[in-house]
Amino acid sequence: MAVVNVNPTRTSQQVAALSERTNPALLNIIRDNITSQYASQAASLAEFRDAVSMHGGTEVDADLLADFWAHIPLSTYDSYKPFVHKFNAQPCKEEDVANMFSPGLPDFFAVSSATSGTSPKLLPKYNHYKRLKIPVRQLFDPNNEDPCAVVACTGYRDVKVIERAPGEVVQRIPVCLISGGNMRRSLGWYIDDESHMSLSMSGYAVPWAATVIGYFPSFLIIHGLFFLSHRNVHRFIIPFATQFVDLIRHIDEHWDVLVPCIRDGTLPDLEGIDHTHFHPNPERAAELLEIGPPFSFEGWFAHVWPKVNELLTICSGTFATVLPKVWSILGPTVSIRCPGYGSSEAMIGVPYDVNKLDEFVLLLHDIVEFLDVSLDATHENLRQAWEVEVGKQYEPIVTTRDGLWRYQLGDVLHIVGFHDESNSPLFKYVGRRASTLRFPFAQVTDDQLLTVIQVLSSDDAVRVQEFTAMLDDRTLLSTVGFFIELAGSLGLNAHLAPKKLFDALVTTNIEHQRAFELGKTRFPTIWIVKAGTFAEFRQWKGENANIASGQVKIPLVLLDPTVQEWFSERVVQEL
């Protein structure tokens with residue numbers, strides 16, 4: 001996407017143009033979903049239903065918009081959970097679950113990443129493309145002779161079987177990751193059979209069987225094997241930058257096994273790969289032996305896949321901490337592009353400037369309203385996209401085609417300007433509203449932690465690959481405790497790192513300095529954890545929450561005592 005101008009303000013004509021594009025989209029969503037079971041029965045929407053009835057229905061645009069703005073309260077997943085639970089009935093009858101949140105039946109359930117530490121949410125995803133007769137966009141070009149290296153976990157953890165009558169199955173609905181569900185939708189199948197297991201997809205570097213491997217280390221190693229076997233990979237797509245580092249680490253650790261497998265056409269001895277097959281490529285194996293493993297030199301990636309000029313991965317927010325490691329793997333000839341900002345609930349923004357990996361322009365696929373984080377969480381305090389102010393922070397509140405009504409995402413966005421062409425807000429992702437370290441004298445938020453850790457990321461003494469933080473209150477003087485996985489060895493001046501972190505904290509809030517002078521706090525603690533800890537945590541949490549490890553996002557602030565203890569057990573050194 002080309003670089004565009006960024007405006008700090010907008011004219012009245014630009015404001016009007018954005019509202020004229022947004023309001024029809026909102027009206028379509030309301031009219032599509034107002035007769036759903038949720039909208040018809042949820043107690044939280046009773047006032048809205050009464051207002052619509054008083055106005056004689058949904059025909060008048062102005063009345064319907066006014067009723068929505070005045071009477072739809074904010075919502076959380078707790079409001080939808082009882083309705084989602086109806087899909088667990090045995091048997092699950094079509095008449096009981098049809099039109100639950102949106103017209104028809106969902107074609108898959110997306111499993112959330114459970115970032116907050118709670119159990120994952122199940123979010124029904126409806127095929128609006130099919131309902132509205134809109135062609136589904138292919139995720140990759142099947143006509144390209146050079147394959148695309150895509151890491152997408154398509155395996156499902158459960159299947160909801162919908163019956164019209166006893167034994168008459170209407171639909172089988174998989175429960176899977178949002179990325180896996182979207183891939184299944186684009187290919188047109190949702191439930192696997194044996195024919196899929198032997199399928200090699202045109203334009204794709206791995207067979208379908210590799211995408212359904214459930215054990216995540218095996219999943220990454222097998223993807224690495226197939227990717228390595230293809231010299232002519234032309235695109236590289238992986239959900240998160242941290243997952244890219246995990247993939248390359250697995251390739252490096254298993255290099256002496258993978259290269260002979262490529263030479264001989266065999267598979268490594270791994271859990272859960274019985275359905276995967278592989279063909280020998282001795283010439284490629286010889287080439288890889290000459291290049292060497294990933295961490296033998298910087299810029300390794302471009303030597304292994306010379307046709308790839310771009311890595312597409314989410315690298316903003318918490319994922320930005322591994323960017324130095326990613327750059328060292330890629331080398332100077334491969335660029336990084338972030339696909340956008342979103343969640344399992346909704347896609348919120350896309351990049352507008354190729355040079356800004358952490359800034360996005362608002363999308364209008366679903367409706368996003370904005371709650372000033374300094375105000376009470378009520379619908380009266382919501383602002384429309386054309387009402388937000390540059391420099392302020394807001395929580396995005398979404399109303400979606402899939403049937404969410406003013407749903408709180410719990411994120412914080414910082415408005416940085418307005419797009420010169422679409423007039424839509426431009427924003428940065430700041431962090432989670434709940435992810436805050438609270439001291440008597442100050443609060444430390446996600447974005448402040450990211451700012452603070454950058455003083456180490458640019459320092460050879462302590463090169464940070466990944467980190468997370470918690471309140472270290474082991475003594476009377478509480479402070480911030482950082483769990484850090486290194487991207488190399490500690491330097492000679494590593495002992496100065498706590499003071500550097502403290503100085504950076506003071507730049508975010510002078511109250512830290514005042515508290516230090518009054519004997520209320522101390523320099524931050526740095527706990528160095530063993531190599532591979534963060535990848536191990538993603539696997540551990542994925543197994544415990546019954547979600548794919550690749551979907552696990554590690555919060556910047558650890559609030560769960562069990563998770564805090566888990567990281568503490570892997571500390572190898574304290575600074």
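Which residue is the bridge partner of K160 in β7? In this predicted model, the bridge partner is I173. The pair belongs to the contact between strand β6 (residues 158-165) and strand β7 (residues 168-176). These two strands run antiparallel and are joined by seven bridges.

Both strands sit within an open sheet of five strands. The order is β2-β6-β7-β3-β4, and the pairing is mixed. The edges are taken by β2 (92-93) and β4 (122-125). Each edge strand has a single partner, so one of its sides is left without a neighbour in the sheet.

A second set of pairings centres on strand β18 (residues 411-419). Seven of the nine residues of β18 are buried, which leaves the strand mostly covered. Strand β16 (residues 393-399) pairs with β18 in the antiparallel sense over two bridges. Here Q393 of β16 has H414 of β18 as its bridge partner. Strand β19 (residues 425-432) also pairs with β18 in the antiparallel sense, over seven bridges. In this pairing D411 stands opposite R432 of β19. Together β18 and β19 form a hairpin, with five residues between the strands. In the turn, N423 adopts a positive phi of about 70°.

Helix α14 (residues 282-291) has a buried side and an exposed side. R284, A285, L288 and I291 are buried. Viewed down the axis of α14, the buried residues fall within an arc of 120°, so they line one face of the helix. The face turned away from this buried side carries E283, L289 and E290, which are exposed. Cover for the buried residues of α14 comes from elements including α11 (216-229), α13 (255-264) and α15 (300-304). Just after α14, a positive phi of about 100° is found at G292.

One further feature concerns the surface. Y129, L132 and I134 make a nonpolar surface patch of about 270 Å². Of these residues, Y129 lies in helix α7 (residues 128-131). Its relative accessibility is 33%. Y129 therefore counts as partly exposed, since that class lies between the buried limit of 20% and the exposed limit of 50%. The same value satisfies the patch criterion of over 30% relative accessible area.

Terms used
Residues are numbered from 1 along each chain as its sequence is written. This is a predicted model: local features need pLDDT of at least 70, side-chain atom pairs count only at pLDDT 80 or more; totals for chains, interfaces and linings use all residues. Side-chain values use heavy atoms; hydrogens and water are left out. Buried means under 20% relative accessible area, exposed over 50%, partly exposed in between (1.4 Å probe, protein chains only). Helices (H or I, at least four residues) and strands (E, at least two) are DSSP runs, numbered from the N terminus. Two strands pair if DSSP finds at least two bridges between them. The arc is that of the directions from the helix axis to the C-beta atoms. Contact means heavy atoms within 4.5 Å. Patches are made of residues with over 30% relative accessible area and no salt bridge: like charges are joined within 9 Å, nonpolar side chains (Val, Leu, Ile, Met, Phe, Trp, Tyr) within 5 Å. Accessible areas come from the Shrake-Rupley method with a 1.4 Å probe; for residues, only the protein chains shown count as cover. A salt bridge is a side-chain nitrogen of Lys or Arg within 4 Å of a carboxyl oxygen of Asp or Glu.
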